[in-house]
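Colleague: I should be grateful for a close look at a single part of this model, the largest pocket, together with the helices around it. Please set out the description step by step for a first-year student.

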Amino acid sequence: MKVKKILEKAYYENNLTKDEIKLLLIAEGEDKDLLFKTADRVRKEHIGDEVFLRGLIEFSSYCKNDCFYCGLRRSNLSAQRYRMQEDEIVEVAKRAYQMGYRTVVLQSGEDMYYTKDRLCSIIKKIKRVVDVAITLSIGERSYDEYKAFKDAGADRFLMRFETSNEKLYRKYHPGMSFENRIECLKWLKKLGYELGTGFLIGLPGQTLDDLAQDIILVKELDADMIGIGPFIPHPQTPLKDAKEGSVDLTLKSIAILRLLIPDANIPATTALGTLDPLGRQKGLMCGANIVMPNVNSLEYKLKYELYPGKICINEDATKCRGCIESIIVSLGRKVGQGKGQSRHYKRVS
Ligand code: SAM
Ligand code: SF4
Ligand code: FES
């Protein structure tokens, strides 16, 4: 009964207290079903049945940071490093366009080899060659750099704050600051990027209270895109023996955020599909409306190892495209046409 009331409030007001969010996070049985069904209904009402696909180009596996959970962290000496050159990145973007993608996501570790000028040149070249939206996922930079990338043609930016618990943030991100990360997210919003942010589920030490606060912070940052994924331990990191994040809590967080920001774009992440063979399908059925297949060649896919066991790692990009399309159709949904800009972004800007 209580959960039903909370869901009604979320549906009409798009707002919940931390305690209400916590109750939804521990919902089970009929209550949980109702949470997922309500989120699915809200997704349908605000976004429709289209699932938009983003072509993910992981262009560098070098990183100057040392995040405790990530296989690309600089202290992982057995990580395989590569950098794609400008022409190669543009070629992959072209291939993604030919496969039907209308958004490409340029993602990398924090790699300063890609200076402001190099990245601007890559962005401009892609924009000249193909009509795609460009999402950057390259971590923290200066305001001037973010501005230059936007002026060069970048449309969107994805950067998770990872955890809203500052103590945990400090512990797992040596040399980095939570304050700076949030400041970067605010700059990106101010510069007119379609803003994506989110968090990891299941970092050791994270409590239910933290998770509820993570959800509230996404709402406060007024995200247009929301990336939430379970933590998966990587054997060459300090968190190698930690327990993986919960699929159930990930799905519930997706559902709750769909209720709080009804018109945001929310991906069913690869990490979710890695921990549960039906994870992406489940995500799409409880609020998600985006999937981000990798469009790189097998050689690079294997080297960009954030965590072990990643799905699709041995599949070529064309096969993934076909596979994901049939998954979407099997759920009674359809592949989105066009660039699939976040409706939240359109509404507020
Ligand atoms: N370097 C940029 C950054 O940190 O924003 C972009 C690339 S980073 C690899 C993209 C995301 O991967 C991070 O935001 C983090 O949440 C996720 N990630 C890293 N290691 C992970 C792990 N072991 N399990 C699940 N997700 C992980
Ligand atoms: Fe680098 Fe991003 Fe991995 Fe942190 S999460 S080590 S910033 S690639
Ligand atoms: Fe990659 Fe199914 S989406 S093999």
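**The largest pocket and its surroundings**

Modeller: In this predicted model, the largest pocket holds about 170 Å³ of space. Its lining is made up of K4, L7, E8, Y11, Y12, L34, K37, T38 and R41. Two elements, α1 (2-13) and α3 (29-46), are those that give two or more residues to this lining. The largest share comes from α1, which supplies 5 residues. Sorted by class, the lining of the largest pocket has 4 nonpolar residues, 1 polar residue and 4 charged residues.

The spacing of some of these positions may be read with a general rule in mind. An α-helix has 3.6 residues a turn, so residues three or four places apart point the same way. In the lining, K4, L7, E8 and Y11 are among the residues listed, and α1 spans residues 2-13.

After α1 the chain enters a loop that leads to α2, and N14 lies in this loop. Most residues other than glycine have a negative phi. N14, however, has a positive phi of about 50° although it is not a glycine. With a relative accessibility of 25%, N14 counts as partly exposed, because the class of partly exposed residues lies between the limits of 20% and 50%.

The next element is helix α2, which covers residues 18-25. Which of its residues are buried? They are E20, I21, L24 and L25. These four cover an arc of only 145° around the axis, and therefore they are on the same side of α2. The cover over the buried residues of α2 includes α1 and α3, the two elements already named for the lining of the largest pocket. It also includes α9 (208-220) and α10 (247-260).

A second residue may be set beside N14. E162 is placed in the loop between β5 (156-158) and α7 (166-172). Phi of E162 is near 70°, again a positive value in a residue other than glycine. Where N14 is partly exposed at 25%, E162 is buried, with a relative accessible area of 10%.

To summarise, α1 and α3 contribute to the lining of the largest pocket and are also among the elements that cover the buried residues of α2. N14 lies in the loop that joins α1 to α2.

Key:
Residues are numbered from 1 along each chain as its sequence is written. Chains are lettered from A and ligands numbered from 1 in the order in which they are written. This is a predicted model: local features need pLDDT of at least 70, side-chain atom pairs count only at pLDDT 80 or more; totals for chains, interfaces and linings use all residues. Side-chain values use heavy atoms; hydrogens and water are left out. On a 1 Å grid over the protein atoms alone, a cavity is a set of points where a 1.4 Å probe fits but cannot get out, and a pocket is an open set with protein on both sides within 12 Å along at least five of seven lines; lining residues have an atom within 4 Å of a point. Grid points are joined across faces, edges and corners, and a volume is the space filled by probe spheres set on the points. Ala, Val, Leu, Ile, Met, Phe, Trp, Tyr, Cys and Pro count as nonpolar, Asp, Glu, Lys and Arg as charged, and the others, Gly among them, as polar. Buried means under 20% relative accessible area, exposed over 50%, partly exposed in between (1.4 Å probe, protein chains only). The arc is that of the directions from the helix axis to the C-beta atoms. Contact means heavy atoms within 4.5 Å.
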